[in-house]
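Me: I keep running into labels like "buried" and "antiparallel". Can you walk me through how they are earned?

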Amino acid sequence: AESYNEVVDALGQNGRLEDALKLFNRMLGEHDPPLRIAVDLRSFRVMVDAYCAAGRFEDAIAVFRRMGEWKLVPDVASYNNLIQHLQNNQLIDKVEVLYSEMCESGVGADEETYLLLMEACFSVDRIDDGISYFDKMDNLELKPDATAYHKLIHGLVGFSMVDKAQEYFDQMKEKGVGPSISSYETLLKAYIAADRLDDAVKVAKGILLDEKVVFSDGMKELLEGALRGDGRENDITKLYEDVEREKAEAEARAAEEKAKAEALAREERERRRAEI
C-alpha cells in the first residue's frame with residue numbers, strides 16, 4: 001500500500017488525476033485482507049489530495065466517504081486533511097457538514113480540527129463562530145499551544161479586535177503557554193498602529209523580560225520611533241531601566257530562594273545524621 005500511495009500522490013499532485021484514479025481503482029480491486037493489503041487510510045488521503053488539487057471537491061468528499069466500503073474507519077488526521085482542503089477554498093458549509101459527521105461517527109476532534117474550523121469561519125468574516133470553535137478546545141480540555149494562540153491573536157488583530165486579542169494573550173500566559181515572538185510582535189504593531197503607546201510599551205516590556213524570545217532591532221526601532229514621534233523620549237530610557245531593575249530583582253529573589261532551599265536541605269541531612 002505504501003508504494004502504491006506514493007505513486008498515486010505523485011500523479012495527483014502533478015496534474016495526472018485520471019492516471020491517479022486508474023491506479024487507485026486497481027488498488028481497490030487488489031485489496032483482499034488479510035492476504036493482501038493494497039489500500040489503507042493514507043490511500044484515501046492521497047486520493048482526496050488529488051481531487052482537491054484538481055478542484056473537484058465534491059469528488060474528494062465522495063471518495064472520502066467510501067472508506068467504509070473497505071472496512072476502513074477514517075481517523076482524525078483523515079478528517080483534518082479534507083477539512084483543510086475545504087477551508088483553504090472557503091467552503092465553510094462543507095467544512096461544518098464534515099465536522100458534524102466527524103462528531104456523529106465518534107472520532108474525537110483535536111486541536112488542529114478546531115483551528116481549521118476557526119480559520120474557516122474567519123475567512124468568511126464569521127468572527128464570533130471562529131472564536132466559539134477556539135473556546136470549545138478549553139471546554140473539551142484540549143490544550144492549544146503557542147502556535148494555535150498566535151493564529152487566533154493574529155486573526156483577531158486582523159479584524160481590529162485588539163482588546164479581544166489581548167484577552168487571549170493573557171489567557172495563554174495564565175495557562176502556562178509561553179507566547180511566541182510572533183504573538184508579541186502582532187500585538188506591538190497593532191498598538192502602535194492604533195496610537196496606544198502605553199499598551200505598546202507594556203508589550204515591549206513583556207518581550208524584554210521573557211528570556212525565551214528576542215526583541216528584534218526592527219521592533220525596537222518601530223517602538224522607539226513611535227515614542228519619539230509622540231515626544232516621549234524619556235519613556236524609552238525608563239522602559240530599559242525598569243526592565244534592568246526587574247531583572248535584577250528577579251535574580252536576587254531566585255538567589256535568595258536557592259539559598260533557602262540549600263539551607264533546608266542541609267538541615268534535613270543533619271537531622272537524618274542525628275537520627276542515625
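Reply: Sure, here is how the labels follow from the values. This is a predicted model, where local features need pLDDT of at least 70, side-chain atom pairs count only at pLDDT 80 or more, and totals for chains, interfaces and linings use all residues. Residues are numbered from 1 along each chain as its sequence is written, and side-chain values use heavy atoms, with hydrogens and water left out.

Me: Why is Gln87 called buried?

Reply: Buried means under 20% relative accessible area (over 50% is exposed, in between is partly exposed, with a 1.4 Å probe and protein chains only). Gln87 has 11%, so Gln87 is buried. Gln87 lies in helix H5 (residues 76-88).

Me: What does Gln87 touch, not counting residues up to four places away in sequence?

Reply: Val95, Leu116, Glu119 and Ala120. Contact means heavy atoms within 4.5 Å.

Me: What makes H10 roughly antiparallel to H11?

Reply: Angles run from 0 to 180 degrees between N-to-C directions. Under 35 degrees counts as roughly parallel, over 145 as roughly antiparallel, 65 to 115 as roughly perpendicular, and the rest as oblique. The axes of H10 (residues 162-174) and H11 (residues 181-193) cross at roughly 150° and come within 11 Å, so the pair is roughly antiparallel.

Me: And how do you know how H11 and H13 run, parallel or antiparallel?

Reply: The axes of H11 and H13 (residues 217-229) cross at roughly 20°, which makes H11 roughly parallel to H13. Their contact is made by Glu185, Leu188, Lys189 and Ile192 of H11, with Met219, Leu222, Leu223 and Ala226 of H13.

Definitions and conventions
Helix = DSSP H or I, 4+ residues; strand = E, 2+ residues; numbered from the N terminus.
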